[in-house]
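This report introduces the structure shown below to a reader who has not met it before. It considers cysteines, aromatic rings and nonpolar cores in turn.

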Amino acid sequence: MTFLLSTESSLGSHFGTSRTSAPDRSMYRRERPVPMRSCPAALYNNLSVLPLPAPGLTQFALVHGPTAQLLSAAPDGLPVSQRQLHTKDGAGPGFPLITQAYWCVLPFRVLLVLTSQRGIQIYESDGSVMVYWHALDSTDASPVQALFARGIAASGHYICVGTWSGRVLVFDVPAKGPNIVLSEELDVHQAPITDIAAEPAQGQDCVADVVTADDSGLLCVWKSGPEFKLLTRISGFGTPCPSVQLWQGSVAAGYGDGQIRIYEASSGALHVQINAHARGICALDLAPEAGKLLSGAEDSFVHIWKLSRNPHSGCIEVEHCHAECVTDTQVCGARFCDLRGSSFAVTGYDLAEILRYSCV
């Protein structure tokens with residue numbers, strides 16, 4: 001077990017590394033931002049990024065109230081196209097709020113998933129056609145409970161979506177067409193789901209390929225398949241876990257107290273604990289080809305970390321690479337724009353543009 005101690009602070013943000021190296025603040029430079037028609041809502045994980053086949057084009061998705069905004073941007077930051085999607089009304093008065101928009105990259109297709117207070121909408125990747133709608137079942141909810149779906153991830157040909165009740169809905173997605181089926185409900189969590197992450201299973205040595213997180217901080221690690229198998233539970237001791245990621249059989253979890261903890265997925269053993277931010281973490285992302293971890297928090301900081309596995313001990317080691325202060329902005333979303341982590345994007349509450357950064 002390896003613990004990282006707090007060794008440096010910046011604007012009240014404390015972090016530690018397993019290597020005595022100062023953060024390289026010139027590693028990324030700010031590029032021209034992407035203007036938006038509306039500002040993102042103050043929701044964590046409020047940004048999804050999808051690189052497009054056209055060279056240099058990137059698609060962004062974020063939510064505000066009852067709408068989701070899709071933007072395609074060129075390398076110079078100029079929007080190429082914009083589209084707004086609205087929630088399906090379902091049953092009940094008023095317009096339901098969208099809680100998350102996320103692209104699910106399946107082996108055979110890419111789908112856009114929207115979650116809201118009424119249900120789950122699944123679209124073709126460009127948002128042009130809705131291929132599936134699942135209404136939330138309110139029969140088990142008390143009159144004082146707020147219904148919503150939140151937390152989205154794809155594993156193989158399955159899409160997993162979390163709910164307010166703690167249930168995780170597993171949808172079996174065909175290679176084409178709208179015949180999506182609710183194949184399983186995972187009923188382990190007792191608190192609302194906050195986030196879900198997945199990564200391709202890497203042989204028998206890495207059977208853990210899905211992790212779910214909830215408002216109590218509980219992490220559940222699963223092996224996906226025709227029947228999902230629960231491998232381990234990791235307690236969060238009551239601290240919410242808004243964002244979680246999987247990398248090479250390790251779970252990276254960001255908590256409401258500003259900590260990042262990295263666990264062995266199969267056993268739940270703690271590798272690293274980082275006092276990364278002064279306030280709650282609102283977004284984590286991974287660039288799997290480079291082993292880079294991005295964290296964004298309500299302290300207006302975005303940090304980039306380099307993960308590696310010690311060949312002798314097998315423990316995860318972390319090096320701090322970059323710190324970016326997004327001045328006077330409550331960060332609500334942050335994502336890498338490619339698998340190598342050579343660029344990333346940030347959204348902030350009441351900020352009508354997507355901030356972009358790229359390697360120098």
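## Cysteines

Cys282 has a relative accessibility of 4% and therefore counts as buried. The model is a predicted one. For the sulfur of Cys282, the closest cysteine sulfur is that of Cys332, at 6.7 Å, which is too far for a bond.

Cys359, by contrast, is partly exposed, its relative accessible area being 27%. Its closest cysteine sulfur belongs to Cys321 and lies 9.7 Å away, again too far for a bond. A disulfide requires two cysteine sulfur atoms within 2.5 Å, and the structure holds zero disulfides.

## Aromatic pairs

Across the whole structure, four aromatic pairs are found. One of them joins Tyr28 and Phe344 in an edge-to-face arrangement, with 5.1 Å between the centres and 70° between the planes. Tyr28 belongs to strand β3 (residues 28-30) and Phe344 to strand β30 (residues 343-348), so this pair ties together parts that are 316 residues apart in sequence. Both rings are shielded: Tyr28 is buried at 4% relative accessibility, and Phe344 is buried with a relative accessible area of 0%.

Another edge-to-face pair consists of Tyr132 and Phe171, whose ring centres are 5.6 Å apart and whose planes meet at 70°. Here too, distant parts of the chain are linked: Tyr132 is in strand β12 (residues 130-135) and Phe171 is in strand β15 (residues 168-172), 39 residues apart. Tyr132 and Phe171 are both buried.

Ring pairs also connect Tyr28, Phe344 and Tyr357 into a cluster. Elsewhere, a charged residue meets a ring: Arg261 lies over the face of Tyr255, 4.0 Å from the ring centre.

## Nonpolar cores

In soluble globular proteins, nonpolar side chains tend to be buried together. In this model, the largest nonpolar core comprises 19 residues, and those with the most contacts inside it are Leu111, Val113, Ile120, Ile122, Ile159 and Ile180. Two or more residues of this core come from each of β10 (110-116), β11 (119-124), β12, β13 (149-155), β14 (158-163) and β15.

Which residues does Ile159 touch, not counting those up to four places away in sequence? They are Cys104, Leu106, Leu111, Val113, Ile152, Ala153, Ala154, Leu169, Val170, Phe171 and Val173. Phe171 is also the partner of Tyr132 in the edge-to-face pair described above.

Apart from the largest core lies another, made up of 17 residues, including Ala287, Ile304, Ala334 and Tyr357. Tyr357 is also one of the rings in the cluster with Tyr28 and Phe344.

Conventions: Residues numbered from 1 in each chain as written. Predicted model: local features only at pLDDT ≥ 70, side-chain atom pairs only at ≥ 80, totals over all residues. Heavy atoms only, no water. Phe/Tyr/Trp six-rings, centres within 6.5 Å; stacked < 30°, edge-to-face > 60°. Helix = DSSP H or I, 4+ residues; strand = E, 2+ residues; numbered from the N terminus. Buried < 20%, exposed > 50% of the residue type's maximum accessible area, 1.4 Å probe, protein only. Lys NZ or Arg CZ within 6 Å of the ring centre and 35° of its normal. Core = buried A, V, L, I, M, F, W, Y, C linked by side-chain atoms within 4.5 Å. Contact = heavy atoms within 4.5 Å.
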